Each structure stands twice: as structure tokens, then as C-alpha cells.
Amino acid sequence: MRLNKYIAQAGVASRRKADELTAAGKVKINGVVMTEMGYDVKPEDVVEVNGRALENAARPVYYVLNKPVGYITTAQDEQGRLTVMELMADVEQRVFPVGRLDCNTSGLLIMTNDGNLAYRLTHPKHNVYKTYRARVSGFLSPGRVEKLRTGVDIGGYVTAPAQVALLRQGDRSAIVEISICEGKNRQVRKMFAAVGNKVVELQRTAIGELKLGRLKEGQYRKLTPKEVEYLKNC
Ligand code: URA
């Protein structure tokens with residue numbers, strides 16, 4: 001990206017002012033004064049203006065967000081509904097959600113500006129298990145649990161084997177942990193509907209070994225380098 005555009009995008013100065021600062025020797029690239037206004041900034045370059053390093057908009061960043069119910073997983077919404085982007089407003093880089101959670105689903109959502117990782121993680125052939133904690137209405141019989149485990153027809157598609165653990169059966173509802181390796185639209189809700197139970201609450205708690213943990217709803221945190229490495233290789 002051209003140097004003046006890069007400086008302007010960082011919110012430091014207009015493009016014209018950026019050119020002036022460059023001409024005046026106030027801009028450094030990787031610690032060396034740069035007076036060439038047409039310089040093409042590389043992704044790995046560190047740009048300093050008046051001694052202050054700018055945040056590199058192209059640097060890949062990785063976050064995990066605990067999406068609350070009521071937010072939609074999209075970059076923009078024509079109907080003006082709340083989007084997950086609003087929860088990430090403090091992040092300098094333009095991150096976007098990896099995959100989707102329904103508006104009524106809460107939990108773990110990866111937010112990044114790394115298009116390659118997002119592409120890999122959402123590719124249908126990428127079959128890492130995603131774990132959900134669901135509260136479902138009624139009684140979840142052992143027979144139904146078994147059906148969910150082996151595969152159910154969710155409307156012309158039979159789901160792949162899933163891991164299912166009944167955590168608690170109450171009078172009117174049950175708490176279940178379910179891990180699936182596919183990502184069909186509203187899959188978990190459709191799977192429970194197929195065996196006769198309605199999902200009343202749904203939270204994604206993990207993607208593979210990446211866990212939501214104690215992150216509060218509406219909050220986000222940076223992934224650790226180890227977690228990023230894991231996602232790139234899983
Ligand atoms: N399955 C669903 O039904 N909803 C989600 O948001 C994710 C998985």
C-alpha cells in the first residue's frame with residue numbers, strides 16, 4: 001500500500017499531510033527515515049510517524065469472541081440489527097467472523113482478518129469437531145441420544161456421527177453436550193428437532209481444542225500464539 005494511504009488509514013494524518021511529513025523526514029520505515037512518498041509499504045514493515053509506530057492494518061490478528069444471543073454473525077446488516085462487529089469496535093484491524101452462529105446462539109466465535117485461516121476453517125472438508133451445550137425441551141430418551149450419535153435426517157441430509165453426552169435431565173428440559181464435525185445451517189437445532197426435542201438455548205463452547213472457557217458474554221480476547229498455531233494445523 002502506498003505510504004501516504006497507509007498513514008492516512010492509520011488515522012494519523014490526511015494523505016497530503018502524510019506526504020508533507022514524509023518530505024520533512026518525520027516518517028521511518030523499519031527504523032530508517034523514508035522520504036520517498038511513493039514507497040510501497042510491505043505487510044511486514046513497521047512504519048513510524050514522529051517517533052510513534054503505527055498499528056499495521058494488514059497484520060493478521062486472531063480473537064475469540066463470546067457472542068451473546070441477539071447479535072447476528074455478519075459484517076453488515078441492511079435491517080440495522082446488532083452485529084458481532086459492534087462488539088469488536090475497539091480492534092484496529094478489520095476483523096470478520098469465521099463461520100456463523102445463529103442470532104439465537106451464543107458462544108465461541110473466531111474473529112480474524114486472516115482470510116486464509118477463515119477459508120480453511122469453514123471449508124466443508126475441514127471437519128474439526130465443534131462442541132455445543134444445548135438446553136432442549138422435554139425428555140431426551142437414551143434412544144434419541146443414540147439416534148443423534150449415529151446420524152439423523154435433517155431434511156434430505158443424514159448427519160455424520162456425533163458425540164453426545166446427556167449432562168442433566170430435568171422435569172421439563174435436558175442439558176446436553178453435542179459435538180459435530182459438520183456445519184450445516186442450524187444443524188444442531190435441526191438434529192434435535194429430528195428426534196422430537198426443541199432447542200431452547202444453544203451455546204458453542206469449543207472448536208476442536210480451542211475452548212470458550214470463562215470469557216464473559218460480549219467480551220473477546222486475543223488467541224495465544226499456541227492457539228493460533230493449533231488452528232492453523234487442525
Ligand atoms: N447449530 C445451530 O443450530 N445453530 C448454530 O448457531 C450453530 C450450530
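**Exercise A: Partners of strand S8**

Find the residue that stands opposite Arg-133 in S11.

*Solution.* Go to Arg-133 and look across to S11: Gln-203 stands opposite. Before going on, note that this is a predicted model, in which local features need pLDDT of at least 70, side-chain atom pairs count only at pLDDT 80 or more, and totals for chains, interfaces and linings use all residues. Residues are numbered from 1 along each chain as its sequence is written, and side-chain values use heavy atoms, with hydrogens and water left out.

Now widen the view. Strand S8 covers residues 130–137, and strand S11 covers residues 199–207. Strands are DSSP runs of E with at least two residues; helices are runs of H or I with at least four; both are numbered from the N terminus. S8 and S11 pair antiparallel over 7 bridges. To count as a pair, two strands need at least two bridges found by DSSP.

Then turn to S10, residues 173–180. S8 pairs with S10 too, antiparallel, over 8 bridges. One bridge links Lys-130 to Ile-180. Strands of a sheet pair through backbone hydrogen bonds, either parallel or antiparallel.

**Exercise B: From S9 to S10**

How many residues does the hairpin that joins S9 to S10 pass through?

*Solution.* Locate strand S9 at residues 163–169. Follow the chain through the hairpin: 3 residues join S9 to S10. Next, check the pairing. S9 and S10 run antiparallel and share 6 bridges. For a concrete pair, take Ala-165: its bridge partner in S10 is Glu-177.

**Exercise C: An open sheet**

Which strands are the edges of the sheet ordered S2-S1-S3-S4?

*Solution.* The sheet is open, has 4 strands and pairs antiparallel. Its edge strands are S2 (32–33) and S4 (52–53), each pairing on one side only. Now inspect the S4 end. S3 (residues 47–49) is joined to S4 by 2 bridges. Across this pair, Glu-48 stands opposite Ala-53.

**Exercise D: Domains**

State the domains of the chain and the separation of the centres of domain 1 and domain 2.

*Solution.* List the ranges: domain 1 is 3–53, domain 2 is 62–124 + 213–233, and domain 3 is 129–207. These bounds come from an automatic or database domain assignment. Then take the centres over C-alpha atoms: those of domain 1 and domain 2 are 31 Å apart.

**Exercise E: Two asparagines and an isoleucine**

Is Asn-197 buried or exposed, and what does its side chain contact?

*Solution.* Place Asn-197 in the loop between helix H6 (187–195) and S11. Its relative accessible area is 2%, so Asn-197 is buried. The cut-offs are under 20% for buried, over 50% for exposed, and partly exposed in between, with a 1.4 Å probe and protein chains only.

Next, find the contacts. A polar atom of the Asn-197 side chain lies 2.7 Å from the backbone oxygen of Ser-137. The backbone oxygen of Phe-139 is 3.3 Å from a polar atom of that side chain. A polar contact is a pair of N or O atoms within 3.5 Å; within protein, one must be able to donate a hydrogen and the other to accept it, and residues adjacent in sequence count only if both atoms are side-chain atoms.

Repeat for Asn-113, in the loop between S7 (105–112) and helix H4 (115–122). Asn-113 is buried because its relative accessibility is 18%. Its side chain reaches the backbone nitrogen of Val-61 at 2.8 Å.

Finish with Ile-110 in strand S7. Its relative accessible area is 1%, so Ile-110 is buried. The C-alpha atoms of Ile-110 and Ile-207 are 9.2 Å apart, with the two residues 97 apart along the chain.

**Exercise F: Cysteines**

Why does Cys-234 form no bond with Cys-181?

*Solution.* Look for the cysteine sulfur closest to that of Cys-234: it is in Cys-181, 13 Å away, so the gap is too far for a bond. A disulfide needs two cysteine sulfur atoms within 2.5 Å. The structure holds 0 disulfides. Cys-234 counts as partly exposed because its relative accessibility is 24%. Cys-103, at 29%, is partly exposed as well.

**Exercise G: The ligand**

Which residues surround the ligand?

*Solution.* Collect every residue with a heavy atom within 4 Å. The list is Leu-101, Asp-102, Thr-105, Tyr-132, Arg-186, Gln-187, Val-188, Arg-189 and Leu-202. Then pick out polar atoms. Asp-102 places a polar side-chain atom 2.7 Å from a ligand nitrogen. Thr-105 has a polar side-chain atom 2.9 Å from a ligand oxygen. Gln-187 uses a backbone N or O atom, 3.5 Å from an oxygen atom of the ligand. Lastly, the cover: alone, the ligand exposes 240 Å², and the protein buries 95% of that. Such areas come from the Shrake-Rupley method with a 1.4 Å probe; for residues, only the protein chains shown count as cover.
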